[in-house]
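Biologist: Before we begin, may I ask you to show the model and then to justify the terms that are used to describe it?

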Amino acid sequence: MTQKSIDIMHARNLHKTAANQKIGRALVLAGIYAFLILMALIVLFPFYWMLISSVKSLAEYRFSVPTLWPRMILLKNYAEAFTAANLGRLFLNTLYVGLVSTLLSLFITIITAFAFARLEFKGKELLFAALLATMMIPGELFTITNYLTVSRFGWLNSYTVLIVPFLVSVFYIYLLRQNFLQIPNELYLAAKVDGTSDWKYLWKVMVPLSLPTLISITILKMMGSWNSYIWPRLVANDEAHRMVTNGLRNAFTDTSGDVNYPVQMAAVALVSAPLFLIFVFLRKYIMAGVSRSGIKG
Amino acid sequence: MKHKQKGVFIAMKIVLQNLTKIFPSRNKKSDEEVVAVNNFNFEIPDGQLIGLLGPSGCGKSTTLYMISGLQKPSSGRIFFGEDDVTELSTENRGIGLVFQNYALYPHMTVKQNILFPLQNLKGSDKLTKEQMLERAYQAAKLVQIEQLMDRKPSELSGGQQQRVAIARALVKMPRVLLLDEPLSNLDARLRLQTREEIRRIQKETKITTVFVTHDQEEAMSISDMIVVMKAGIVQQIGKPQDVYDDPANLFVAKFLGTPPINVFEGRVQGGTLYLGEDAVLPVPGIPDQPVTVGIRPEGFILDANGPLQCTPVNVEVMGRDVSVVSTHNASANPFVRSIIDADNRVNVDSGAVRYSVKPHKLFIFNKETEERIYFEVK
Amino acid sequence: MVESKQQWKAWIYLAPAIVLLLVFTVWPIINTVRMALLNNYSGLKAAGGASFEFGISNFQKVISYRRFVQCLKNTVLLCVFTVPISTLLALLIAVALHSIRPLQKALQTIFFLPYVTNSIAIGMVFAAMFNIVGSFFGTENELIVTSGIINNVIEFFGGTRINWINYGSSYTANMFVMIVYIVWNALPFKILILLGGLTSINKQYYEAAKVDSTPRRRVFWRITVPLLSPMLAYVIITGFIGGFKEYTSIVGIFGERMGPVNDAGRLNTMVGFIYDSLSNSNEGRASAAALILFGIILVVTLINLQVSKKRVHY
């Protein structure tokens, strides 16, 4: 083997390595996409199933070989779902409770976070630490006593009972306080020098500057209201005050025989739609709110 | 790669051929693309320490990253020795790279950091655990951090971290060692010490080393050769002293040297160089034209009968030398700074100080192109 | 003078929150402990004027109660399976998402969808998917009309259909469905956090690993995972805490029956037990169970924190 042929072999080896690398990389990339798309399809499947089932006729739903696309589209399922589950009332109740509790809660969160962030008072650190400590306790502990308390107050089956106990969310107070702390203190001092009262400063300066966080909190709270189940079930499940999730489950209770699945799916779709719309338009705020909660712990 | 002996550094020359890197424009509106490196041609001899020098944005780091493989060139080729490595990915190039911020794995100890590249060796290069440990300790000894092996990077000072980074880069006996601004994160005191370290290590291992810096003093003090770059274009390549003594253009002349070169606007007339009214030097062979002139601070000789007359403003005593700060109407900068022997006494209030100029410390440049115009020195 | 005015003002700002917290948070903590320690406390009976002795019989009763042990078992099993599976899957998906550029945003959005859904509503969809539809199911006259889409897929690939959640289904099958659903629900949050963590890792570490010729697998285990470990720890710890409180997912699939038609309550969890006791006006027992639950969560979290001290690099 001459040196020249060794060199040629060597050069060819290098070229092959480079080429192999390119193929290897392309394969890995293809594999990654395949995996992700498979997972995405699995995640999306229930939604797809819900939607196509909701427009099928009951007969078509019961085909032994299911159809992947409805033969005919029965929008009347939706009308039926609406009335069978009394969705109109449920939506109204939930919206009302959601709006009122979110607004009141926002108000309380803002003034409380402001107090912790900017005002000076004795025992501030201790109080805040105690507040944080309550976050660690599972909600079920509170529920028991709260049920007794609200019974004693006579609030059962009213809007009040759905709204008041949850007005204080320690986590959102924490989040907002962090946000407030990041606004430079100099602004506050400058405002004081200008004779601005705390109240004005809070609402004219701090709140506008914290808008993204506040929007995230609002959305998450509304979503929480929409999805709430346990507490409403316990304390306000009568016709007049029932919330969406309770109504949904209890309207089509048994699975042993002939439930009208398409109509049930239509109901589910109707209930899920508002959330989905919020997601589509306000996705940024939701994801930011959730991830901020993650990193801050 | 087959002809690599275990345990010994094999130095390798690096050849850059027509190396070009173009970055597409960031926003869709402007068509501007950035030519970061423009047709760079250079053959780096094996076993040498090369400094890539230039202001920020001149393309030196981009060049370094293309040599490493972390950036792909837009055109041109790179050779390590006889091997064309242009298409080869970083993992297969066998280089060592010391990042500007060291990039030490924060969750591993120093020892684990240094062992890490060894654990990736495959095939005939694979080592036993004992061999790996031995190599790791050798590398640690080379950079003098043996006693820090069990610490985490966060527990080390900047200088120590950098030495660990160097050890990690060297432990796999790479063919080429690359350093990205190795001294810029260190405080001034440490810088002097560390650049000597780099020089010492390079001389001991004889590994072909390329480092990037914007500090000309750094580059000049330890490099075998320097490459001066500006806006992606190589300005001059040569030994530090040669480049200093013989700059190819105004940029190189201004970039090297502390204190910086004194720049004047002058003209050549009838074979003589005039700065203002002063006929400073005979320059036969240069046609009449306005020129830019550079005179090194050490190129002034205090001469009561000298042709160059300046108005002194301040005399700075530096112990070994004296620096005279003066003004001259042909000077392109507010002040002219000369460095003369401390035995000389200069009177600031005298209103005038006269110099004659050492011809080999005076450089003439074309006023438009800024290229060097040579003249005979008698 | 300004100081004391400030103090007053602060308390005014804090007043609403403090009042609400005192009534609905602080008092319940105290009261729960109190009720747990009053033997056989029942709110109903208390209202009727009965008095109760101080003691731990509530706790004793709870622990020995067969239903409770069943609920505990369900809760633990669900946790043990769903937390590792969802974490690993989320990690793989997050890493995969992180390494692509085109389609990344779109896929990220898709993976986040389950988070914005109503856990009970989608539970019903899952139930529909796993359901066998027919009449007189489980009897000799049973008429199976369709096996449900999941079974159809199985049969399409040559398998036999499984009775997932209907009359006569096995515990294992039920649990399988629950695990699948809970993992499906848990993925978005975990993926979001882990992806955020991945993006925050300095790219230079990966470049250094490239220079060190590190093979892909090693980059993942020796660099990515350790640097991601704080987020992983967070996701696992919150995963366990959430897992122990699992309740609505089960309601979503099985309805309030908490199990297949022939075995109601089979899948009930600790939280479900607490609410059942509450509905039966057994506040003493409910409180004891709640405290036990809290204790378990505390212990598990502390164990997790201990482990993370060793394995997590900050």
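**Domains, contacts and a kinked helix**

Modeller: Chain A is divided into domain 1 (3–54) and domain 2 (76–296). Please keep in mind that this is a predicted model.

Biologist: What makes these two stretches of chain A domains?

Modeller: They are called domains because an automatic or database domain assignment supplies the bounds. In chain A, the C-alpha centres of domain 1 and domain 2 lie 44 Å apart.

Biologist: How do you know that residues of domain 1 of chain A are in contact with residues of domain 2 of chain A?

Modeller: Two residues are in contact if their C-beta atoms, placed from the backbone, lie within 7 Å. Four residues of domain 1 of chain A meet seven residues of domain 2 of chain A by that criterion. On the domain 1 side, two of the residues are nonpolar, two are polar and none is charged.

Biologist: What is the corresponding arrangement in chain B?

Modeller: Chain B has domain 1 (14–250) and domain 2 (259–373), with C-alpha centres 39 Å apart. Their contact takes four residues from domain 1 of chain B and seven from domain 2 of chain B. The domain 1 side comprises three nonpolar residues, one polar residue and no charged residue.

Biologist: Why is H6(A) described as close to its expected span?

Modeller: Helix H6 (residues 139–153) of chain A has 15 residues. The expected span is 1.5 Å times one less than the number of residues, which gives 21 Å for this helix. The distance from its first C-alpha to its last is 20 Å, so the value is close to the expected one.

Biologist: What makes Thr145(A) the centre of a kink?

Modeller: The bend at a residue is the angle between axes fitted to the seven residues ending there and the seven starting there. In H6(A) there is a kink of about 25°, centred on Thr145(A). After the helix comes Gly154(A), whose phi is positive, near 80°.

Biologist: Why are residues such as Phe142(A) called buried?

Modeller: They are called buried because 20 or more other C-beta atoms lie within 10 Å of their own. Among the residues of H6(A) in this class are Glu140(A), Leu141(A), Phe142(A), Thr145(A) and Val150(A). In chain B, buried residues make up 40% of the 378 residues.

Biologist: Which residues form the contact between chain C and chain A?

Modeller: The contact takes 77 residues from chain C and 73 from chain A. Helix H1 (residues 2–36) of chain C gives the most to the chain C side, with 19 residues. By class, that side has 54 nonpolar, 20 polar and three charged residues.

Biologist: How many residues does the contact between chain B and chain C take?

Modeller: It takes 16 residues from chain B and 15 from chain C. On the chain B side, strand S6 (95–98) and helix H2 (110–118) each give two or more residues, and S6(B) gives the most, with three.

Biologist: How do you know which part of chain B should be read with caution?

Modeller: The mean pLDDT of chain B is 88, and 96% of its residues reach 70 or more. Over residues 1–5 of chain B, however, the pLDDT is below 50. Where pLDDT is low, the predicted coordinates should not be read in detail. Chain C averages a pLDDT of 84, and the complex has an ipTM of 0.82.

Conventions: Residues numbered from 1 in each chain as written. Chains lettered and ligands numbered in written order. Predicted model: local features only at pLDDT ≥ 70, side-chain atom pairs only at ≥ 80, totals over all residues. Nonpolar A, V, L, I, M, F, W, Y, C, P; charged D, E, K, R; others polar. Helix = DSSP H or I, 4+ residues; strand = E, 2+ residues; numbered from the N terminus. pLDDT = per-residue confidence, 0-100. Buried ≥ 20, exposed ≤ 12 C-beta atoms within 10 Å, placed from the backbone.
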